[in-house]
Amino acid sequence: LKIYLFGDVDLQGASSTRIHFLTKKSKSLFAFLVIHKDRRFTRATLAGQFWPEIEDTRAQRSLNTEIWRLRTVLKNSGLKPEKLLSSDRDRVGFRGESDHWLDVAEFHALTQSLTLPKVMPTDPQSLLSLNRAIALYRGDFAEGIFDEWCLARIMHQS
């Protein structure tokens, strides 16, 4: 699975088949879980994060529906949702050890290796890393997602 979080949140399965989310909320939830991979969140925390304006019981139902939608989209794309998502009665998370590639992680790895002096690097390896990082940048982080978690992340990185 290839996961793109720069620009529009985009998933590509086997044979570069694009995977379409059923709702903006499931797209946002998936991006949130991926960016916090290896963490598991209580369902109450996620419900409060994504549906702060509605009462707890309805928020929990909305969360359950979006998790079901995510699992359905992944399964219909030939993926095994249980290999990517970890969920039980109490907690939900993205499995960081799953077989996936993430543009944001690749970008971070490429740019971490660059210690840019005041002048552009000239060694071939640094230039190659810089060019690869630039090629990964398709737009702002999670364009089109205006949930509080995403806006806070963008503001924190600015």
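User: How are the axes and the angle between helix 5 and helix 6 defined in this predicted model?

Analyst: The model is predicted. Axes are lines fitted to C-alpha atoms over the stretch in contact, and angles run from 0 to 180 degrees between N-to-C directions. On that basis, helix 5 (residues 103-112) packs on helix 6 (residues 124-136) at about 155 degrees, and their axes are 9 Å apart.

User: Why is this pair called roughly antiparallel?

Analyst: Angles over 145 degrees count as roughly antiparallel. The angle here is about 155 degrees, and helix 5 and helix 6 are therefore roughly antiparallel to each other. The crossing of helix 5 past helix 6 is left-handed.

User: What makes the contact between helix 5 and helix 6?

Analyst: Helix 5 contributes Asp103, Glu106, Phe107, Leu110 and Thr111, while helix 6 contributes Ser129, Arg132, Ala133 and Leu136. By class, the contact has four nonpolar, two polar and three charged residues.

User: Why does Ser98 count as buried?

Analyst: Buried means under 20% relative accessible area. Ser98 has 11% relative accessibility, so Ser98 counts as buried. Ser98 sits in the loop between strand 6 (91-94) and strand 7 (101-102). Leaving aside residues up to four places away in sequence, Ser98 touches Lys83 and Leu84.

User: Which residues of helix 2 are buried, and how do you know on which side of helix 2 they lie?

Analyst: In helix 2 (residues 43-50), the buried residues are Arg43, Leu46, Ala47 and Phe50. They cover an arc of only 100 degrees around the axis, so they are on the same side of helix 2.

Conventions:
Residues are numbered from 1 along each chain as its sequence is written. This is a predicted model: local features need pLDDT of at least 70, side-chain atom pairs count only at pLDDT 80 or more; totals for chains, interfaces and linings use all residues. Side-chain values use heavy atoms; hydrogens and water are left out. Buried means under 20% relative accessible area, exposed over 50%, partly exposed in between (1.4 Å probe, protein chains only). Helices (H or I, at least four residues) and strands (E, at least two) are DSSP runs, numbered from the N terminus. The arc is that of the directions from the helix axis to the C-beta atoms. Angles under 35 degrees count as roughly parallel, over 145 as roughly antiparallel, 65 to 115 as roughly perpendicular and the rest as oblique. A crossing is left-handed if the near helix is turned anticlockwise from the far one by less than a right angle, and right-handed if clockwise. Contact means heavy atoms within 4.5 Å. Ala, Val, Leu, Ile, Met, Phe, Trp, Tyr, Cys and Pro count as nonpolar, Asp, Glu, Lys and Arg as charged, and the others, Gly among them, as polar.
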